[in-house]
Amino acid sequence: MADELMRVGLQRLQDRFLKAVEAGHQLQCCLIEWSAMDGAPQGDPPGFSGKNPVKWATGVYRMQGVICDQTGLPTFSDTLTYDLNGKPITNSEGQPYAIDRGAIRAIYLYGTHEMLHSLKPILGDAGHLLASIPPATFPIAIPRVTLRTDDVMRRWLYLLFDLAWANIGGSPLRVSEDKSAWYENTSVALDTVRLFRGPNKPTGFGAEENLLSHIPDPPPWYSTIADVAQSSVYALDILLTLPPQPMPYDPTILEALQQLTSGTPEAANGNGKSASPRAAETKPSEVNGGAGSASAKSEDGKPARHERGRPVDTDIKEDKRIYEAWKTGQYKRQSDCDVALGLSAGKTYAACEWHRHRLTRRRKNHRTK
């Protein structure tokens, strides 16, 4: 019933966008993004200098925080970053976390006030409806920060760009200008900038190298959609037609890694290593506290002696990794951490409780020595 009701809502929304297209209500949209730790970019992107938008809005898209890899575990850097209290941001072993610089986004709409007046309520309703769609039902992985955007109109516009950047086969939904950095009146593909600043920089940039050297690091970038109403029709075709795909990871993770390392996730960890794999590599003996199974025998055939105390019920290393992933602050709820790490429901809570108890016991034992 709920699925059918959602489909009816999407179809009615598409009908309203189609009427706006037939009426010739065309709005162009330009999205600009820059690091939350830097100031706003200087100057307008090429082609927009002197143009007056009928509406614009700026807001935080992605908060600053610890960068996690595709499995949801924190990554590390050789460079220390400090919080507002001057305390280094590290794990319990003193390893510096790799920090996402965050992102600010500005949306500019170009057209007439009549077109904006016609489309604004439809865009708002689209954003409201989007909030009720479960993330797992989207045909591609959509960044969670897109779906959690407070402003309903910007929420829908961000989704349009996410779907357009995906270049989904069979759909005409595309951006008119892909992600591009710029300097004065010249733009260059964002991928080219990241390649130019990467560790394996190729040769042959030629005259473009002078342009690339003037672009800030990390680079502000922009992208455009030529017709918001028509693109919304195509986007609703995708949502109504394509089957849902499981979201293996939040694509924002990769975007943050690229921002930090010019497209080389390995460099984010300094030594090329991300957080250690989870329990997949844990030996059976380690699960039982390193003493082997109950039926284990010594070399002379006699039953092996176990260490004193109650056997460990959970994987100590696994609990520690889950605890540190949760403590990064990357996840709003522990259930989000469960999903990101591919854990069963409630696993994050249980692992954190076990690890906290172990830390408490360790501190008590240290004080009694």
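Student: Which residues is Trp156 in contact with, leaving aside its neighbours within four places in sequence?
Tutor: In this predicted model, Trp156 is in contact with Phe17, with Leu123, Ala126, Gly127 and Leu130, and with Ser232, Ala235, Leu236 and Leu239, once its neighbours within four places in sequence are left aside.

Student: And which residues of the largest nonpolar core touch the most other members?
Tutor: Trp156 is one of them, together with Phe17, Leu109 and Leu157, in a core that holds 48 residues.

Student: Which elements supply at least two residues each?
Tutor: Among the helices, α1 (2-22), α2 (113-131), α4 (152-165) and α7 (228-241) each do so, and among the strands the same holds for β1 (28-35), β5 (103-110) and β8 (221-225).

Student: Where does the largest share come from?
Tutor: The largest share of this core comes from α4, which supplies ten residues.

Student: How many residues are in the second core?
Tutor: That core, which is separate from the one we have been discussing, has 14 residues, including Cys68, Leu73, Trp326 and Cys352.

Student: Switching to cysteines, how many disulfides does the structure hold?
Tutor: The structure holds zero disulfides.

Student: Why is there no bond for the sulfur of Cys29?
Tutor: The closest cysteine sulfur to that of Cys29 belongs to Cys30 and lies 7.2 Å away, which is too far for a bond, because a disulfide needs the two sulfur atoms to be within 2.5 Å. Seen from the other side, the sulfur of Cys30 has that of Cys29 as its closest cysteine sulfur, at 7.2 Å, and this is again too far for a bond.

Student: Is Cys29 buried or exposed, and what about Cys30?
Tutor: Cys29 counts as buried because its relative accessibility is 1%, and Cys30, at 1% relative accessibility, also counts as buried; the cut-off for buried is under 20%.

Student: New topic: how many cavities of 30 Å³ or more are there?
Tutor: There are two cavities of 30 Å³ or more, and the second largest has a volume of about 30 Å³.

Student: Which residues line the second largest cavity?
Tutor: Its lining is made up of Lys55, Trp56 and Ala57, then Ile107 and Leu109, and finally Met153 and Arg154. Leu109 also appeared earlier, as one of the residues touching the most other members of the largest nonpolar core.

Student: Which elements give two or more residues to that lining?
Tutor: Those elements are β2 (55-62), β5 and α4, and the largest share, three residues, comes from β2.

Student: How does the lining divide into nonpolar, polar and charged?
Tutor: The lining of the second largest cavity has five nonpolar residues and two charged ones, with no polar residues.

Notes: Residues numbered from 1 in each chain as written. Predicted model: local features only at pLDDT ≥ 70, side-chain atom pairs only at ≥ 80, totals over all residues. Heavy atoms only, no water. Core = buried A, V, L, I, M, F, W, Y, C linked by side-chain atoms within 4.5 Å. Buried < 20%, exposed > 50% of the residue type's maximum accessible area, 1.4 Å probe, protein only. Helix = DSSP H or I, 4+ residues; strand = E, 2+ residues; numbered from the N terminus. Contact = heavy atoms within 4.5 Å. 1 Å grid on protein atoms, 1.4 Å probe; cavity = no way out; pocket = protein on both sides within 12 Å on 5 of 7 lines; lining within 4 Å. Points joined across faces, edges and corners; volume = space filled by probe spheres on them. Nonpolar A, V, L, I, M, F, W, Y, C, P; charged D, E, K, R; others polar.
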